[in-house]
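Welcome! Here is a short guided tour for anyone meeting this structure for the first time. Please have a look at the sequence and the 3D view before reading on.

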Amino acid sequence: MAGTVVLGLGGCVDHELTLSAPVMEQLIGEYQIRDAELTQPTAITNERELVISVLTYLKKGGGGEHFVASTAILREFTKHFSIRTTLGGTSVRAAKEMSRLGVPSTLHLVSINDVVRRLLPADSDYVCSDDKDTFNPNTIVQYAQDLQVHAGDITIRTPFPNRLIYANDPSNSSMLLSPELGALLQGARLFLISGLNSIRDEQLLDRRLSSLQDHMRQLPAEAVVYYEDAGFHTPAFSRRVRDVLLDAIDIYGLNEDEMQAYLGRAVDLLSVDDVAAALESLRAFIPGPTLIVHTKYWSVAVGEDAGANADAMNEGIVVATTRYAHGDEYTDDDYELMRNRPRRAEAEEFAAALERRMGGIVRCLPGFRLDIAEPTTIGLGDAFVGGFLAATAQKQ
């Protein structure tokens with residue numbers, strides 16, 4: 001395992017909360033929100049629009065990420081709930097999972113404060129592009145399956161558990177790169193790119209992409225570059241990022257929400273026909289790298305080297321599912337027991353049928369059979385990435 005694992009590009013403090021029906025019903029009444037209004041606002045400029053955004057996701061059981069116009073709106077909303085302070089950002093959560101698995105990493109951060117210093121894994125080094133402390137927590141909204149909200153003409157029963165991210169974080173919106181990044185990459189065997197979804201200014205994005213390309217020229221030829229997609233605060237910018245970086249990416253990861261957002265339609269995740277068509281469409285505008293799609297039922301690799309990623313995908317599934325079942329503080333015993341749990345029967349049937357349908361360019365692994373009353377839905381994609389990268393690093 002010569003060389004380092006470099007995880008970037010940003011990180012943050014999260015204020016996590018779990019929705020309750022009484023609070024949501026109270027807010028519906030206070031703001032006189034009607035069912036006909038439950039479509040995603042084009043901008044979130046006040047608490048009422050934030051509540052509408054949350055309710056819109058509850059109806060479909062979806063997850064997503066959005067920019068909020070001010071931190072005051074986030075504070076106003078979070079005061080209704082008990083909050084838990086954690087570290088967020090795909091790279092930081094992945095580092096925590098990799099540390100559990102015995103794989104240390106070096107993080108590129110864009111903000112630092114005493115909470116970050118205290119909660120980072122002890123074996124994680126970091127560089128930070130900011131020379132002063134900043135503190136702008138994201139609000140992470142978690143909700144359970146079968147949460148029932150009834151107020152006015154609104155009746156919601158959530159079909160799935162999920163999480164929502166609401167952010168106003170200037171450091172991550174700027175995503176300033178440290179001049180030390182290139183030197184770190186000189187000795188890297190793995191490099192994770194994430195966090196570019198927070199940038200909201202087009203000219204700034206172009207400057208950051210140009211700078212990132214300069215730093216990446218220091219990467220050894222054998223280094224693996226993993227890009228994890230996310231909900232772009234300005235959706236049109238996702239294509240710009242792909243246009244610039246796709247040739248340098250070896251593995252491109254995304255979850256079911258991001259897949260469906262790109263396709264502009266819902267996908268039946270247990271329909272072989274529907275998923276095969278979705279994956280073929282994704283490959284049309286994400287050509288080249290191995291495509292990894294991780295969902296609540298299964299994870300799939302698409303590409304000429306799909307089969308080579310089976311062990312890493314399986315590790316990602318085990319880690320993410322252990323977090324789902326036991327939360328942040330899961331034990332080694334929880335992890336080992338999860339590895340031996342049975343898989344979901346319907347997901348096993350789906351995976352086998354999808355591989356028959358699409359041939360050798362696809363490797364699909366089913367998720368585990370679980371019945372968890374109060375699951376953790378925050379950070380599951382990040383945990384998957386951590387497990388995937390740890391297994392990849394250990395094979396090198």
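## A leucine in a loop

Two residues are said to be in contact when heavy atoms of theirs lie within 4.5 Å. With that in hand, we can start exploring this model, which is a predicted one.

Our starting point is L177, found in the loop between α6 (170–174) and α7 (181–185). Is L177 buried or exposed? Its relative accessible area is 9%, and because buried means under 20%, L177 counts as buried. Which residues does L177 touch, once its neighbours within four places in sequence are left aside? The contacts are L9, H108, S129, R208, S211, L212 and H215. As for E65, it is 112 residues away from L177 in sequence, and the two C-alpha atoms are 22 Å apart in space.

## Helix α2

Next comes α2, a helix with 14 residues. From its first C-alpha to its last it reaches 21 Å, close to the 20 Å expected at 1.5 Å a residue. Ten of the 14 residues are buried, so α2 is largely enclosed by the rest of the structure. Those buried residues are E47, L50, V51, I52, S53, V54, L55, T56, Y57 and L58.

Both ends of this helix have something to show. At the N-terminal end, N46 acts as a cap for α2, with a side-chain oxygen 3.2 Å from the backbone nitrogen of R48. After α2 comes G61, whose phi is positive, near 75°.

## Strand β10 and its partners

Strand β10 covers residues 162–167, and six of its six residues are buried. In a regular strand the side chains alternate between the two faces of the sheet. Here N162, L164 and Y166 point one way from β10, while R163, I165 and A167 point the other way, and all are buried.

Which strands pair with β10? One is β3 (residues 64–67), which runs parallel to β10 and is joined to it by four bridges. In this pairing, F67 stands opposite A167 of β10. Another is β7, which pairs with β10 in the antiparallel sense over five bridges. There, V141 has L164 in β10 as its bridge partner.

## The β8–β9 hairpin

Strands β8 and β9 form a hairpin with two residues between them. In the turn, G152 has a positive phi of about 60°. The two strands pair in the antiparallel sense over four bridges, and H150 has T155 in β9 as its bridge partner.

What do the side chains do along β8? They alternate: V149 and A151 point to one face and are buried, whereas Q148 and H150 point to the other and are not.

## Salt bridges

Side chains of opposite charge can pair when their charged atoms come close. How many salt bridges does the structure hold? There are 26 salt bridges, and three examples follow.

In one of them, the side chains of D35 and K59 meet at 3.4 Å, N to O. This pair links distant parts of the chain: D35 sits in the loop between α1 (21–31) and α2 (47–60), K59 belongs to helix α2, and they are 24 residues apart. D35 counts as partly exposed, at 25% relative accessibility, and K59 counts as partly exposed at 40%. In another, R157 and D146 form a salt bridge whose closest N and O atoms are 3.3 Å apart. R157 lies in strand β9 (residues 154–157) and D146 in the loop between β7 (138–143) and β8 (148–151), so the pair ties together parts that are eleven residues apart in sequence. At 53% relative accessibility R157 counts as exposed, while D146 is partly exposed at 38%.

The third example joins D328 to R323, with the closest N and O atoms 2.5 Å apart. Are these two residues buried or exposed? D328 is buried, with a relative accessible area of 10%, and R323 is buried as well, with 3%. The pair also belongs to a network: salt bridges that share partners join D14, E16, R84, R93, K96, R323, D328, E329 and D382.

Definitions and conventions:
Residues numbered from 1 in each chain as written. Predicted model: local features only at pLDDT ≥ 70, side-chain atom pairs only at ≥ 80, totals over all residues. Heavy atoms only, no water. Salt bridge = Lys/Arg side-chain N within 4 Å of Asp/Glu carboxyl O. Buried < 20%, exposed > 50% of the residue type's maximum accessible area, 1.4 Å probe, protein only. Pairing = 2+ DSSP bridges. Expected span 1.5 Å × (residues − 1). Polar contact = N/O pair within 3.5 Å; in protein donor to acceptor, adjacent residues only side chain to side chain.
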